[in-house]
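Please open the model in a viewer and keep the sequence at hand. The tour below proceeds by selection, one stop after another.

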Amino acid sequence: MIALGVVLLLSYLVGSIPSSIWVGKLVKGVDIRAHGSGNAGATNTFRLLGWQPGVAVLAIDFFKGFASSLWISQLAYHIAAGPVTLFEFWSLDPFLSITCGIAAVVGHMFPLYANFDGGKGMATAAGMLCGIEPVSVGIAAAFFLVVLATSRYVSLASLVAAFVYPLVLVVLRYGYGWDIDGSILIFAGFIGLAIIIKHNGNIKRLMNGTENKISSFKPAVGWLNKEEKPQSGN
């Protein structure tokens, strides 16, 4: 239990690194939560500060989840008497990867270093999933990019990727014989369903034809870099 507790705590602390807040203060001397959508995440950073800070925040947030699920989880084998699983039916390795990844996502959403006021956790969750099984995430990401490029709807691309991701895992396991633990399939199904439910408002706007599109794929300059004051809630 000591080993499990330590790696979960380490994953939470890594996930708590508030990259968008620190980058916002470093680049422009502002708290990104006070501008734009108010969300401490990569999307708001792109809008406010431009593509370079946005890419930096995206990479850091992704890596927090990736490192926690792939590497920090394995430290449990070198701490005290080693790790234990809380459920006898759950294989130890996927148990560690999933729980450490979730701890990192929770840290991103409720960061210790930023008064527990963080982002939505999408980039960190993507990193976590990539650390658990990268091929399925890569295929889902390809679907995301294709749909985004053809439709210019970020929400539609996210919905398609969320739907495809667990299906790809099923095909890899049962169609190609990949050694993928059943708990990962169940977890992927919950993740995909949660993302789709989270986009309930976007689904309604897509059906009504009122959803916002990306106007351009050119690198963003950023509202604050153009000395324009963004409107809250965008």
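Leaving aside neighbours within four places in sequence, with which residues is phenylalanine 187 in contact? Select Phe187 in this predicted model and display what surrounds the side chain. With those sequence neighbours set aside, the contacts of Phe187 are Ile98, Ile102, Met128, Leu129 and Ile132.

**The largest nonpolar core**

Next, widen the selection to the core around this residue. The largest nonpolar core has 33 residues, and those touching the most other members are Met128, Leu129, Tyr165, Leu169 and Phe187. Colour the helices in turn: at least two core residues come from each of α1 (2–15), α5 (92–109), α6 (122–132), α7 (134–151), α8 (154–175) and α9 (182–198). Which helix gives the most to this core? That helix is α8, with 7 residues. A second core, separate from this one, comprises 11 residues, including Val23, Ile32, Ala42 and Val57.

**Glycine 107 in helix α5**

Return to helix α5 and select Gly107, which is placed in that helix. Is glycine 107 buried or exposed? Its relative accessibility is 0%, so Gly107 counts as buried. Show the residues around Gly107, again without those up to four places away in sequence: Tyr12, Gly15 and Ser16 are touched by this glycine. Then add Pro18 and draw a C-alpha to C-alpha distance from Gly107. The two positions are 89 residues apart in sequence, and the distance in space is 9.1 Å.

**A nonpolar patch on the surface**

Switch to a surface representation and select Trp22, Ile102, Val106, Phe110, Leu112, Tyr113 and Phe116. Together these residues make a nonpolar surface patch of about 670 Å². Ile102 belongs to this patch and is also among the contacts of Phe187. Trp22 is found in helix α2 (residues 19–27). The relative accessible area of Trp22 is 45%, between the limits of 20% and 50%, and Trp22 is therefore classed as partly exposed.

**Two positive phi angles**

Stay with the patch member Phe116 and follow the backbone. Phe116 lies in the loop between α5 and α6, and its phi is near 60°, a positive value in a residue other than glycine. Phe116 counts as partly exposed because its relative accessibility is 48%. Now select Asn115, which is placed in the loop between α5 and α6. What is the phi of asparagine 115? The angle is positive, at about 55°, although the residue is not a glycine. With a relative accessible area of 69%, Asn115 is exposed.

**Aromatic pairs**

Hide the surface and show the aromatic rings. The structure holds 5 aromatic pairs. Select Phe66 and Trp71: the ring centres are 5.4 Å apart and the planes stand at 85°, so this pair is edge-to-face. The angle meets the criterion because planes over 60 degrees apart count as edge-to-face. Phe66 is buried, with 18% relative accessible area, whereas Trp71, at 46%, counts as partly exposed. Add Phe62 and Phe63 to the selection, since ring pairs link Phe62, Phe63, Phe66 and Trp71 into a cluster.

**Salt bridges**

The last stop concerns charged side chains. Side chains of opposite charge can pair when their charged atoms come close. How many salt bridges does a search of the whole structure find? The search finds 4.

- Select Lys64 and Asp61. Their side chains form a salt bridge of 3.3 Å, N to O. Both residues lie in helix α4 (residues 51–70), 3 residues apart, about one turn of the helix. Lys64 and Asp61 are both buried.
- Select Asp31 and Arg33. Their side chains meet in a salt bridge at 2.8 Å, N to O. Asp31 is partly exposed, with a relative accessible area of 24%.
- Select Glu211 and Arg205. Here the salt bridge is 2.8 Å, N to O. Glu211 counts as buried, at 12% relative accessibility, while Arg205 is partly exposed, at 36%.

Finally, add Asp117 to the pair of Asp31 and Arg33. Salt bridges with shared partners join Asp31, Arg33 and Asp117 into one network.

Note on methods:
Residues numbered from 1 in each chain as written. Predicted model: local features only at pLDDT ≥ 70, side-chain atom pairs only at ≥ 80, totals over all residues. Heavy atoms only, no water. Phe/Tyr/Trp six-rings, centres within 6.5 Å; stacked < 30°, edge-to-face > 60°. Buried < 20%, exposed > 50% of the residue type's maximum accessible area, 1.4 Å probe, protein only. Patch = residues over 30% accessible without salt bridge, like charges linked within 9 Å, V, L, I, M, F, W, Y side chains within 5 Å. Areas by Shrake-Rupley, 256 points an atom, 1.4 Å probe, with all protein chains shown as cover. Helix = DSSP H or I, 4+ residues; strand = E, 2+ residues; numbered from the N terminus. Core = buried A, V, L, I, M, F, W, Y, C linked by side-chain atoms within 4.5 Å. Contact = heavy atoms within 4.5 Å.
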